[in-house]
Amino acid sequence: MLHNVYLYGGQVTSWKNAHGEELLFVSSKASFRPPRAIRGGIPICFPQLKSTGSLEQYGFARNRIWSIDPDPPSSPSDISHKAFVDLILTHSEEDMKIWPHRYEYRLRVALGPTGDLMLTSRIRNTNTDGKSFTFRFAYQTYFFVTDISEVRVEGLETLDYLDNLKNGERFTEQEDAITFESEVDKVYLSTPTKIAILDHERKRTFELRKYGLPDAVCLEARFL
């Protein structure tokens, strides 16, 4: 079941399975109001990832108040959704001063009939002069696990990756699965549609399916 979606950051902060077990991590020190981003859940990174541009780290979308679309457009997948909500973020005059582009970011948060969580992003250029712009976005998901040493990620073997702990140097993954014995911060390139996160301690598997997003980031985070 879906428990919490905040308008601040357009951020999912709770997602539970049929047994009522929490699947997302949120720090006990998280702030749920500006100016700090919510620490945990699924932050929306837009229009920048990390420090790849001149904006604040991970962009400004996770530090803005989104709105609910009371009359969202229909789509063929609506009939398979148990519940959904459409959130919208648009440019502000203050944002235009630091990122001079007009846009509409529409985020659909949906639950499938079996409790699957689905996030769909649609970003539209609303510049009146027709000028194009480039951007990056990501779902920075914090999965709840008990013991990180008992977690492995499958589906990324043999792929090239950029190691952010080694100044972004490019390597090829040699292991059959990703494990976490020390700090990890890697960007895997041209990843498959399906990636699995196995939590042996809790005897459960997160199955990630993605479309239109070529890369995936493996990042170990230890928060209280």
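## Two domains and a four-stranded sheet

The protein splits into domain 1 (1–144) and domain 2 (146–223). Keep in mind that this is a predicted model.

Let's start with how the two parts meet. Taken over C-alpha atoms, the centres of domain 1 and domain 2 lie 22 Å apart. On the domain 1 side 14 residues take part in the contact, and domain 2 brings 12 residues to it.

The size of an interface is often given as the accessible area lost when the parts come together. Here domain 1 and domain 2 bury about 1,000 Å² between them, with 67% of that area on carbon and sulfur atoms. Of the area that domain 1 buries against domain 2, 43% comes from Lys50, Phe143 and Phe144, more than from any other three residues.

The polar side of the interface can be put in a small table.

| Between domain 1 and domain 2 | Count |
|---|---|
| Salt bridges | 1 salt bridge |
| Polar contacts (both residues at pLDDT 80 or more) | 2 residue pairs |

One salt bridge in the model joins the side chains of Arg204 and Glu21, at 3.7 Å from N to O.

Now for the sheet. Its 4 strands form an open sheet in the order β11-β10-β13-β16, and the pairing is antiparallel. Strands β11 (169–172) and β16 (216–219) are the edges, each pairing on one side only. On average, neighbouring strands of this sheet are turned by 30° against each other, direction ignored.

A closer look at one pair: β13 (residues 185–188) runs antiparallel to β16, and 4 bridges link the two strands. Within β16, Cys218 is the residue that stands opposite Lys186.

Methods: Residues numbered from 1 in each chain as written. Predicted model: local features only at pLDDT ≥ 70, side-chain atom pairs only at ≥ 80, totals over all residues. Heavy atoms only, no water. Pairing = 2+ DSSP bridges. Axes fitted to C-alpha atoms, helices over the stretch in contact; angles between N-to-C directions. Domains from an automatic or database assignment. Contact = heavy atoms within 4.5 Å. Buried area = accessible area lost by both parts, 1.4 Å probe. Salt bridge = Lys/Arg side-chain N within 4 Å of Asp/Glu carboxyl O. Polar contact = N/O pair within 3.5 Å; in protein donor to acceptor, adjacent residues only side chain to side chain.
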